[in-house]
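Dear colleague,

I am handing over the structure we spoke about, and I would be glad if you could open it beside this message. Please look through it once on your own before you read my notes below.

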Amino acid sequence: METTDRPGYLIKQAQLALNAQMSRALHERGVTLSQFAVLTALADEPGLSNAELARRAFITPQSMNENLRELEGRTWIRRTRHPAHARILQTELTDEGHATLQACDAAVTVIEQQMLAGLDAEQRRELVAALHSCIAALKPAQPDAPEAR
């Protein structure tokens, strides 16, 4: 099998092409890929910890702290103390953050549609299922998971 036909190589090429297009589109809106990932995660689950946000944005916790300060300075997020645990800061999107995310999400959707233009609806479903399967196959077993026992 030629290197250029290996699945890992093709996935990486797709990721690089997608990230380049997304970075350009997001840059036009003054947003980085990491910031977009944070805004998206907070829209899905307000109040996520810094560590969880860092995992979802594929950055270090230290970089996440910098990102959160930047997003807070832009008034896209607000952080408040947890009512029961004063040391924990809960993070949520502001109305401006939601508006920014909506504009960014629309731009990213156009890029994803362009990427998938050669696939019909069934092929798109199969691609998503195949990618989920690949991810699951490479994840380390969790010690408390039934299949790891």
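A good residue to begin with is leucine 53, which, once its neighbours within four places in sequence are left aside, is in contact with Val38, Ala41, Leu42, Leu48, Met64 and Leu68. Please keep in mind while reading that this is a predicted model.

Leucine 53 also belongs to a wider group, since the largest nonpolar core has 24 residues, and those with the most contacts inside it are Phe36, Val38, Leu39, Leu53, Met64 and Ile77. At least two residues of this core are supplied by each of helix H1 (7–27), helix H2 (33–44), helix H3 (50–57), helix H4 (61–73) and helix H5 (95–115).

Which residues of H3 are buried? They are Leu53, Ala54 and Ala57, and because they cover an arc of only 100 degrees around the axis, they lie on the same side of H3. What covers these buried residues of H3 includes H2 and H4.

If you follow the chain onward, H3 is followed by phenylalanine 58, which lies in the loop between H3 and H4. Its phi is near 60 degrees, and this is a positive value in a residue other than glycine. Is phenylalanine 58 buried or exposed? Its relative accessibility is 77%, and because exposed means over 50%, phenylalanine 58 counts as exposed.

Threonine 75, whose place is in the loop between H4 and strand E1 (77–81), likewise has a phi near 60 degrees, a positive value in a residue other than glycine. With a relative accessibility of 41%, however, threonine 75 counts as partly exposed, because that term is used for values between the 20% limit for buried and the 50% limit for exposed.

Finally, please turn to the surface, where Ile11, Leu127, Leu131 and Ile135 make a nonpolar patch of about 330 Å². Helix H6 (residues 121–138) gives the largest share of this patch, namely three residues, whereas isoleucine 11 has its place in helix H1. Isoleucine 11 has a relative accessible area of 45%, so it is partly exposed. Helix H1 therefore appears twice in these notes, as it supplies at least two residues of the nonpolar core and also holds isoleucine 11, which is partly exposed.

With best wishes

How values were computed. Residues numbered from 1 in each chain as written. Predicted model: local features only at pLDDT ≥ 70, side-chain atom pairs only at ≥ 80, totals over all residues. Heavy atoms only, no water. Core = buried A, V, L, I, M, F, W, Y, C linked by side-chain atoms within 4.5 Å. Buried < 20%, exposed > 50% of the residue type's maximum accessible area, 1.4 Å probe, protein only. Helix = DSSP H or I, 4+ residues; strand = E, 2+ residues; numbered from the N terminus. Contact = heavy atoms within 4.5 Å. Patch = residues over 30% accessible without salt bridge, like charges linked within 9 Å, V, L, I, M, F, W, Y side chains within 5 Å. Areas by Shrake-Rupley, 256 points an atom, 1.4 Å probe, with all protein chains shown as cover. Salt bridge = Lys/Arg side-chain N within 4 Å of Asp/Glu carboxyl O. Arc of directions from axis to C-beta.
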